[in-house]
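Welcome! Open the model in your viewer, keep the selection tool at hand, and follow along stop by stop.

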Amino acid sequence: MEEENQKQTKEAGKFIKIKKFTFIMGIFLVIFLTAGITTIALTFGDKKVESLAPDKHAEFEKLYSTYDKIKDDYYEEVDEEKLVDGAINGMIKSLDDPYSAYMDKKEASSFRESISSSFEGIGAEIQEQDGQIMVVSPIKGSPAEKAGVKPNDIILSVDGKSVEGLSSSEAVLKIRGEKGTKVDLSISRAGESEPIELTIKRDTIPIETVYAEMLDDGVAKIQVTSFSEHTVQELKTALEEMSKKDMKGLVLDLRGNPGGLLDQAIEMASLFIPNGKVVLQVEDRSGKKDVYKSENDGELKIPVVVLIDDGSASASEIVAAAVSESADIPLIGVKSFGKGTVQQAKDFKDGSNFKYTVAKWLTPEGNWIHKKGIKPDITVKLPDYASLPYISPDKELKASDSSSEVKAAEEMLKEAGHDPGKIDGFFDEATKNAVTAFQREQKIKETGTIKDDTTVKLMQVIQEKILKNDTQVKKAVEVLKKEINK
């Protein structure tokens, strides 16, 4: 037995020695092979050693090959960063989605400014659509609004350079600029045969998004112009201020509101919707739906109506649809813009980013309003003169001129109480007499021509008339009074 144990021990020792030898030889073999592969790689230079592991993104081979060829063989030196930016931009443009866009560092910075406290520019929300730059809505009180920019206007050129084919973020960079500088826009508008030429002076655009005022008989009007970081808090403050003034009914004005942050829209809608009722549904590409419900800790105990128009888009449509379907609040005005998708933004380390559509949003009842808009319960249009085009104060209109601007001026003169005769776009003697009478009334130098102060004052008079005869607000007040007096 003892001898058998010793034999096993010797055999075991022999086995171990053999294994050590094999292991050491294996190491030498690996080192040799590694050295050989390295030598081959160094010897053949540009020839790449193929990986045995499967390529995670084999579909990018064409992209890498194109990048290498351009970088190495293009007849001029190329900016590598610009090549990469262009590749990403092209990829996102291929989605054919006006709400998905790549933004380089400058564009991304401009995008972040739009939801901060203020920025410098003309104050208009734009989007790319079918290769064109379209105005969603001008911001209340902005140079764009004062200049007469309207929802659905198509911007043809900026400072004489076409913007066709640009992304919305690229167009924004061309339109924005320092306060006090001017930008020339050429705009195409439905119903106008010729482009409208505008020169707009840039200014600081404060992102104050809520404006409140008391109307007659205890009716308050609160206008929300966009949805930025502090919009809901601004609205809560405005509601408290109006309550102290004995508010009995509320007109929530979402006209010309191009949208903004989704969380602000959900929180705002919840202020008017009973706790637990649906605010909206968000549906991803697999059909999975996330349902957002009101977390209201106390309903507003007064009647409310909501105003919408063709400049009400995205987040403002979320609020309008939610209060209509989940709180039976009537909508007054004209059909909204129709944006029913949700975007997210991804930031890169260098400061650039891209935003892309991740889902579509549905109303509480499951309706998708994309490209359809929301029809109001009560359709009310503004007077025709509210759609008159802007006339540049820098351009002189005088006797014998014939143009669309002259026609617009004739219509303004008529609404201002000075008959220009036949409204045909021809500056005749009757037009000149109407201009002179208007200048006399406004205590402006009587030149008989339309330019500078005369143009500004003429458009100001029309704007004041629109505000005094806001047919949509009047209808809203009428509806509220009936509810208040029940």
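Which elements do the buried residues of α8 pack against? Keep that in mind while you get your bearings. What you have on screen is a predicted model. The protein chain has 13 helices and 19 strands. Of its 486 residues, 41% count as buried. Among contacts between residues at least 6 apart in sequence, 65% join residues at least 24 apart.

**Stop 1: helix α8**

Select residues 262-270, which make up helix α8. Now color its buried residues: Q264, A265, I266, M268, A269 and S270. Next, add the partners to your selection, and the opening question is answered. The buried residues of α8 pack against two helices, α7 (231-244) and α9 (315-327). They also pack against the strands β11 (219-224), β13 (278-283) and β14 (289-293).

**Stop 2: two loops with a positive phi**

Two of those partners lead to the next selections. Begin with D217, which is found in the loop between β10 (210-214) and β11. Look at its backbone: D217 has a positive phi of about 60°, although it is not a glycine. Most residues other than glycine have a negative phi.

Then go to D328, in the loop between α9 and β16. D328 also is not a glycine, and its phi is positive, at about 55°. Is D328 buried or exposed? Its relative accessible area is 70%, so D328 counts as exposed.

**Stop 3: strand β16**

Stay in this area of the sequence and select L331, which lies in strand β16 (residues 331-333). With a relative accessible area of 1%, L331 is buried. Show the residues around it, leaving aside its neighbours within four places in sequence: L331 is in contact with V306, I308, A320, V323, S324, I374, P376, D377 and I378. Now try the distance tool on the C-alpha atoms of L331 and L307. They are separated by 5.9 Å, while the two residues are 24 apart along the chain.

**Stop 4: aromatic rings**

How many aromatic pairs does a search of the whole structure find? The search finds 4. For one of them, select F354 and Y356: the ring centres are 5.1 Å apart and the planes are at 35°, so this pair is tilted. F354 counts as buried, at 17% relative accessibility, whereas Y356 is partly exposed, with a relative accessible area of 27%. Add F348 to the selection, and you have a cluster of F348, F354 and Y356 linked by ring pairs.

**Stop 5: lysines over rings**

Now look for charges above aromatic faces. Select K339 and Y99: K339 lies over the face of Y99, at 4.6 Å from the ring centre. Then move to K465 and Y385. Here the charged end of K465 sits over the ring of Y385, 5.1 Å from its centre.

**Stop 6: the cavity**

Switch on a surface or a cavity display for this stop. Rolling a probe the size of a water molecule over the atoms shows where empty space is left. Counting cavities of 30 Å³ or more gives 1. The largest cavity has a volume of about 60 Å³. To see what surrounds it, select E192, P195, I196, P389, Y390, S404, E405 and A408, the residues that line the largest cavity. This lining divides into 5 nonpolar, 1 polar and 2 charged residues.

Which helix gives the largest share of the lining? The helix is α10 (residues 404-415), which supplies 3 residues.

One of the lining residues deserves a click of its own: E405, which lies in helix α10. E405 is buried, with a relative accessible area of 15%. Leaving aside its neighbours within four places in sequence, E405 is in contact with I391, K395 and L397.

**Last stop: S193**

Finish with S193, in the loop between β7 (182-188) and β8 (196-201). S193 is exposed, with a relative accessible area of 69%. Where does this loop residue stand relative to S404? The C-alpha atoms of S193 and S404 are separated by 8.3 Å, and the residues are 211 apart along the chain. S404 should look familiar from the previous stop, as one of the residues lining the largest cavity.

How values were computed: Residues numbered from 1 in each chain as written. Predicted model: local features only at pLDDT ≥ 70, side-chain atom pairs only at ≥ 80, totals over all residues. Heavy atoms only, no water. 1 Å grid on protein atoms, 1.4 Å probe; cavity = no way out; pocket = protein on both sides within 12 Å on 5 of 7 lines; lining within 4 Å. Points joined across faces, edges and corners; volume = space filled by probe spheres on them. Helix = DSSP H or I, 4+ residues; strand = E, 2+ residues; numbered from the N terminus. Nonpolar A, V, L, I, M, F, W, Y, C, P; charged D, E, K, R; others polar. Buried < 20%, exposed > 50% of the residue type's maximum accessible area, 1.4 Å probe, protein only. Contact = heavy atoms within 4.5 Å. Phe/Tyr/Trp six-rings, centres within 6.5 Å; stacked < 30°, edge-to-face > 60°. Lys NZ or Arg CZ within 6 Å of the ring centre and 35° of its normal.
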